[in-house]
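Please take a moment with the sequence and the coordinates before reading on. The paragraphs below are meant to be followed with the structure open beside them.

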Amino acid sequence: MKTEKRRSLNGGKPKRFSTDDLMRNLGRHLVEDFRTVCGDGYHKDWDVTNIPKLRGYQFPSRYGAPPWLFKMEAQLEAIYKRYRFETDLYSDEELEQLTVAKFQALQLRLAEHQWRPRTTIAHEVIRTARTIIRQILDGADLEGFSQHCRFSTRATVGSSARDAYIDHKLADPITGSPDHCRWFKHHLESHNYLRFTISECSPVGEPVMVQCESLSLVPVPKSFKSLRLIMPNTLIGSYYTYGLGKVFVDCLRDAGLDISKLQSVHKNLAREASDGKRKLATADLSSASESFLWCLVCALLPRKWVRAVRFGRLSSYTYGDATYHYCSFMAMGIGFTFPLQTLLFYAIVSAICKLTGTTGTVSVYGDDLIYPMRIHPYVEKVFTDLGFQLNNDKTFADTDFRESCGGDYFRGVDVRPFSPEGSHRNLSGRKYEAFVYQLMNGLQERWQPIVTGK
């Protein structure tokens, strides 16, 4: 009855609510709640109605504050970080231009870096890391990797994320590079069930393959100041690289780096490292996977593994009407990228420890690095020499704060804030209610409610 009345008062249409209004009220009430503890002057110039001022708001350093105040400051700084208002600092077009320009600048930097002579210390680190990698990969059944292959559950060339179901993908033309298509035809000869399944899904009763020479660069939402660029793989490419990635995952697990458990391991290590003794540093890299060059991968991996991973990639990308050479060796979205970068970064950091005679914990999960504080200056130097860039906003060595794999800790206390994702929408009914509950649940997960009374 209430729904019918609301519709009739609005000309038959359900009332819509702005998520921008809700988000502004959320920020306003957060400050008001924090002022009950910190006083009426706490962030008195906080203005959620002035977007340029809000985006440029400077938060004071909080590394000398108690953990409870540190978390409050972090919460205010994070509340709008991944949310975009209707009239935000950048328009959709400006945001895409900025993101693509940054990506192409990275490609140009990598193209220039690959011709630079390698420093002596970088050469010694690579030589030692190669030995570590060979030991980790020793005994792996590279020839039998195809038993682990499977099709991606995400978007691929010719199949959007919305239609990323296996029956849809196999009903459409099967995409792959020319080499991938030849490999897959041979692969089907010894996999009768797969060949039968594809024939059943195909509208013409047999596999139809379409060759691709490049991958498309696609921007997707990330934050108010940048987009995330992805390159959906071909269907065969996703199948091949997943199987190869699984071999890397198994080798890492046997070496003590179980990717399925490393996130929780890293959170515990980050918490322990934030105790003030500063025995471990936590580090993060900017554009980590994209910063691996062909020459570096060749120098680190044994030859047969180089051939295997090279076969799984395409060396060009398309944006707009133009096709460009892809200087990066691997990209996120390729099945072996995450475990391979985990392996390579682990070997590099471990090599630095070995060459400097440093003992202590070394753990790597993708580009989340944890290592003894003593080698931090060497990590900065060597990674720069190899063409990588430490993310200074997410690398911590000189304070009592540590962050890794979604765990933020300051002096042993969990200070991770809630950072809601999304962009402006006008929602009605249950969709708006779902958004409200999403915000409420996110805040309650990070902040224990205060119970008054008995």
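What follows looks at one residue in a helix and then at a group of strands.

The model is a predicted one, and the walk through it may begin at Thr-19, which belongs to helix H2, a helix covering residues 19-38. Thr-19 has a relative accessible area of 0%, and because the cut-off for a buried residue is under 20%, Thr-19 counts as buried. Leaving aside residues up to four places away in sequence, Thr-19 touches Tyr-83, Ser-423, His-424, Arg-425, Leu-427 and Phe-435. Arg-425 also takes part in a polar contact with Thr-19, since its backbone nitrogen lies 2.9 Å from a polar atom of the Thr-19 side chain, and the cut-off for such a pair of N or O atoms is within 3.5 Å.

From the helix, the reader can turn to strand S12, which spans residues 368-372. Five of its five residues are buried, so strand S12 is largely enclosed by the rest of the structure. Strand S8, made up of residues 280-286, pairs with S12 in the antiparallel sense over five bridges, and within this pairing Asp-284 is found opposite Asp-368 of S12.

Strand S11, which holds residues 363-365, also runs antiparallel to S12 and is joined to it by three bridges, with Val-364 standing opposite Leu-369 in S12. S11 and S12 together form a hairpin that has two residues between the strands, and in that turn Gly-366 adopts a positive phi of about 65°.

Note on methods. Residues numbered from 1 in each chain as written. Predicted model: local features only at pLDDT ≥ 70, side-chain atom pairs only at ≥ 80, totals over all residues. Heavy atoms only, no water. Helix = DSSP H or I, 4+ residues; strand = E, 2+ residues; numbered from the N terminus. Buried < 20%, exposed > 50% of the residue type's maximum accessible area, 1.4 Å probe, protein only. Polar contact = N/O pair within 3.5 Å; in protein donor to acceptor, adjacent residues only side chain to side chain. Contact = heavy atoms within 4.5 Å. Pairing = 2+ DSSP bridges.
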